[in-house]
Amino acid sequence: MTGERLLLVDDEDNLRTMLEAALRHSGFEVHPVASGREALSAVDEVSPDLVVLDVMLPDLDGFDVCQRLRRDGCRTPVLFLTARDATEDKVRGLTMGGDDYLVKPFSLDELVARVHAVLRRSGSARDGAVLSCADLELDDEAHLVTKARAEVSLSPTEYKLLRYLMINQGRVVSKSQSVVETYIGYLRRKLDRTGERLIHTVRGVGYSLREARS
């Protein structure tokens, strides 16, 4: 039994009930709500370890909910559930502060695995404010990125994407989980000026941020 508290936000009654049952069966303490405004109130009441957040909600959409949480200083990880697979939605989700997303339809086993993965990664990220890979460092509290001790200027979307890659360091992030190659290209041009190349293409799959293998 894991015991972590999850806030589950979905307006579809049958789906919410099914997801709640699957997550409870996997050992989580689940607090279900059906709207964005209920979710914002429940975050303060429940203090969840993770928010499982549907994007399409009847009042505030999931992106708005996540943006308001981040604006209020809440750093609780958010796993988006979405029927949207468009590139602009993936970029927006990262920019709003989401930690991962799962595109419908998905299996219950995949949902449980993603929840475990986000909780594990977010726990590692909270152990220290500075994420690092080789000579690349991201100081989340100072919102500062350096490569070979030189500051790297990133746009908000580039910063969110880099943070996502660093939290998932060593893991292959598929193109369906990340953003378009354009933003990967932007990051590479800025990060590869000094030191070793850290963002690697896994042909036919996606990208991985890691040190070069010897």
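**Exercise 1. Determine which residue of β12 is the bridge partner of V202, and describe the hairpin.**

Solution. The model is predicted: local features need pLDDT of at least 70, side-chain atom pairs count only at pLDDT 80 or more, and totals for chains, interfaces and linings use all residues. Residues are numbered from 1 along each chain as its sequence is written, and side-chain values use heavy atoms, with hydrogens and water left out.

Step 1. Locate the strands, which, like helices, are DSSP runs numbered from the N terminus (strands: E, at least two residues; helices: H or I, at least four). Strand β11 covers residues 199-202 and strand β12 residues 206-209.

Step 2. Establish the pairing, for which DSSP must find at least two bridges between two strands. β11 and β12 run antiparallel and are joined by four bridges.

Step 3. Identify the partner: V202 is bridged to G206 in β12.

Step 4. Inspect the turn. Three residues stand between the strands of this hairpin, and G204 takes a positive phi near 80 degrees.

**Exercise 2. Give the strand order of the open sheet of four strands, and state which helix lies across β6, β7 and β8.**

Solution.

Step 1. The order is β6-β7-β8-β9, with antiparallel pairing.

Step 2. β6 (130-133) and β9 (150-151) are the edge strands, since each pairs on one side only.

Step 3. Between strand β7 (residues 136-139) and strand β8 (residues 144-147) there are four bridges in the antiparallel sense; L136 has K147 in β8 as its bridge partner.

Step 4. The helix is α6 (residues 156-167), which lies across β6, β7 and β8 and runs at about 110 degrees to β7. Such angles run from 0 to 180 degrees between N-to-C directions, with axes fitted to C-alpha atoms, for helices over the stretch in contact (heavy atoms within 4.5 Å).

**Exercise 3. Count the aromatic pairs and classify each one.**

Solution.

Step 1. Apply the rule: rings of Phe, Tyr and Trp (its six-membered ring) pair if their centres lie within 6.5 Å; planes under 30 degrees apart count as stacked, over 60 as edge-to-face and the rest as tilted. The count comes to two aromatic pairs.

Step 2. The ring centres of F63 and F80 are 5.1 Å apart and the planes stand at 75 degrees, so this pair is edge-to-face. It links distant parts of the chain, with F63 in helix α3 (residues 62-71) and F80 in strand β4 (residues 78-82), 17 residues apart. Both F63 and F80 are buried (under 20% relative accessible area; exposed is over 50%, partly exposed in between; 1.4 Å probe, protein chains only).

Step 3. For Y183 and Y186 the centres are 5.5 Å apart and the planes at 80 degrees, so this pair is also edge-to-face. Both residues lie in helix α7 (residues 181-191), three residues apart, about one turn of the helix. Y183 counts as partly exposed because its relative accessibility is 22%, and Y186 counts as partly exposed at 32%.
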